[in-house]
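Hello,

Here is the structure I promised to pass on to you. Please open it alongside this email, and the notes below should help you find your way around.

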Amino acid sequence: MAENQIKQFDQIVKMGEQAQKALNDYWLEFSLYTSFEYWLMVSILIVPLIILFFKIDKNQIFLMGFYGYSVHVIFGYVDLYTKNSGFLNYPFPVIPMLPGISLDSSLVPVTFMLVYQWVVNHQKNYILYMGITSAFLAFVFKPILVALGLIRLYGNTNYFYLFLAYLLVITIAKFLTNVFLWMEKKFNNETTDAQHE
C-alpha cells in the first residue's frame, strides 16, 4: 500500500516537473521577453520598488518593511494556491518559474505598504482604507490586467473572489504586525523594568 502511494506521489511530482518544463518552453518558444506585455510586467515589478525607495517613511522603515513582507509572503501563498488550483495564471511571466512575481513581490505589497504607512501616519481607519485599496485592486486594476491579457481567469473565478483574497491578505498581515508590535512593547517594558530594579 505504501509503495503504491509513493509511486503515485512520484508520478504527481513528475507531472509538476513536466508542467514547469512546458511553461519554460512556452516562454522561450513565443519569445515572451521580446513582447510589449512582458516589458509591461517588468515595469510592474520594478517601478513600485523604485517608488517605495523614495516614499517609505525612514523613521518607521522596519515596521513598514515587516508589514510589506507579511503582505508579500501571504499574497505569495494565496497566489500560488490560485495558480496551482487553476483559478488564474499569468501568460507573460517575467520569470517562468515565478509567474506572479511582478504582483506578489512588488506591486501588491508596495501598494498596501504605502496605504498602511499613510493610515498609520494620519491615524486613519485601517479596515476602511485597506478595504478601499482591496476593492480598487480587485475591481479596477485586475480587470485592466485581464483586458491587457496579462492575467487569465479560469473556471468560476471572478473579481469578487479576488477581493476576498485581498481582504484575507490584509487581515492576516495586520494581525501578524500587531502581534510583533505587542511583543516588542512587552519585551521593551520588561527590559525597562529590569533596569530599574
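Two helices, α3 (61-84) and α6 (159-196), each give at least two residues to the lining of the largest cavity. Please keep in mind as you read that this is a predicted model. Of those two helices, α3 is the one to look at for this cavity, as the largest share of the lining, four residues, comes from α3. The full set around the cavity is F75, V78, D79, T82, L88, K142, L162 and A165. By character, that lining splits into five nonpolar residues, one polar and two charged. The space inside comes to about 60 Å³, and a search of the whole structure turns up one cavity of 30 Å³ or more.

Next, the pockets. The largest pocket holds about 540 Å³ of space. Its lining is made of 23 residues, and those closest to the centre are L80, K83, N84, M97 and P99. If you want to find it by helices, the elements that contribute two or more lining residues are α1, α3 and α4 (101-122). Here too α3 has the largest share of the lining, with six residues. The mix around this pocket is 12 nonpolar, seven polar and four charged residues.

The second largest pocket has a volume of about 210 Å³. To display it, select V78, Y81, T82, F87, Y154, N156, T157, Y161, L162 and A165. You will recognise some of these names from the cavity: V78, T82, L162 and A165 are among the residues that line the cavity and are also among those that line this pocket. The helices that each supply at least two residues to the lining of the second largest pocket are α3 and α6. What is the lining of this pocket like: nonpolar, polar or charged? It has seven nonpolar residues and three polar ones, with no charged residue.

On the surface there is a nonpolar patch that you may like to colour. F136, F139, V140, I144, L148, F160, Y161 and L164 form this patch, and together they have about 740 Å² of accessible area. Both α5 (126-147) and α6 supply at least two of its residues, and α5 gives the most, with four. L164 sits in helix α6. Y161 is worth a second look, being part of this patch and also of the lining of the second largest pocket.

Then there is the helix at the start of the chain. Helix α1 covers residues 2-29, which makes 28 residues. From its first C-alpha to its last, α1 reaches 40 Å, close to the 40 Å expected at 1.5 Å a residue. After α1 comes S31, which has a positive phi, near 45°.

Helix α1 also holds a charged pair. Side chains of opposite charge can pair when their charged atoms come close. Which side chains meet in a salt bridge here? They are those of E3 and K7, at 3.5 Å from N to O. Both residues lie in α1, four residues apart, or about one turn of the helix. A search of the whole structure finds five salt bridges.

If you start with one view, try the two pockets: α3 is among the helices that line the largest, and among those that line the second largest.

Best wishes

Terms used:
Residues are numbered from 1 along each chain as its sequence is written. This is a predicted model: local features need pLDDT of at least 70, side-chain atom pairs count only at pLDDT 80 or more; totals for chains, interfaces and linings use all residues. Side-chain values use heavy atoms; hydrogens and water are left out. The expected span of a helix is 1.5 Å times one less than its number of residues. On a 1 Å grid over the protein atoms alone, a cavity is a set of points where a 1.4 Å probe fits but cannot get out, and a pocket is an open set with protein on both sides within 12 Å along at least five of seven lines; lining residues have an atom within 4 Å of a point. Grid points are joined across faces, edges and corners, and a volume is the space filled by probe spheres set on the points. Ala, Val, Leu, Ile, Met, Phe, Trp, Tyr, Cys and Pro count as nonpolar, Asp, Glu, Lys and Arg as charged, and the others, Gly among them, as polar. Patches are made of residues with over 30% relative accessible area and no salt bridge: like charges are joined within 9 Å, nonpolar side chains (Val, Leu, Ile, Met, Phe, Trp, Tyr) within 5 Å. Accessible areas come from the Shrake-Rupley method with a 1.4 Å probe; for residues, only the protein chains shown count as cover. A salt bridge is a side-chain nitrogen of Lys or Arg within 4 Å of a carboxyl oxygen of Asp or Glu.
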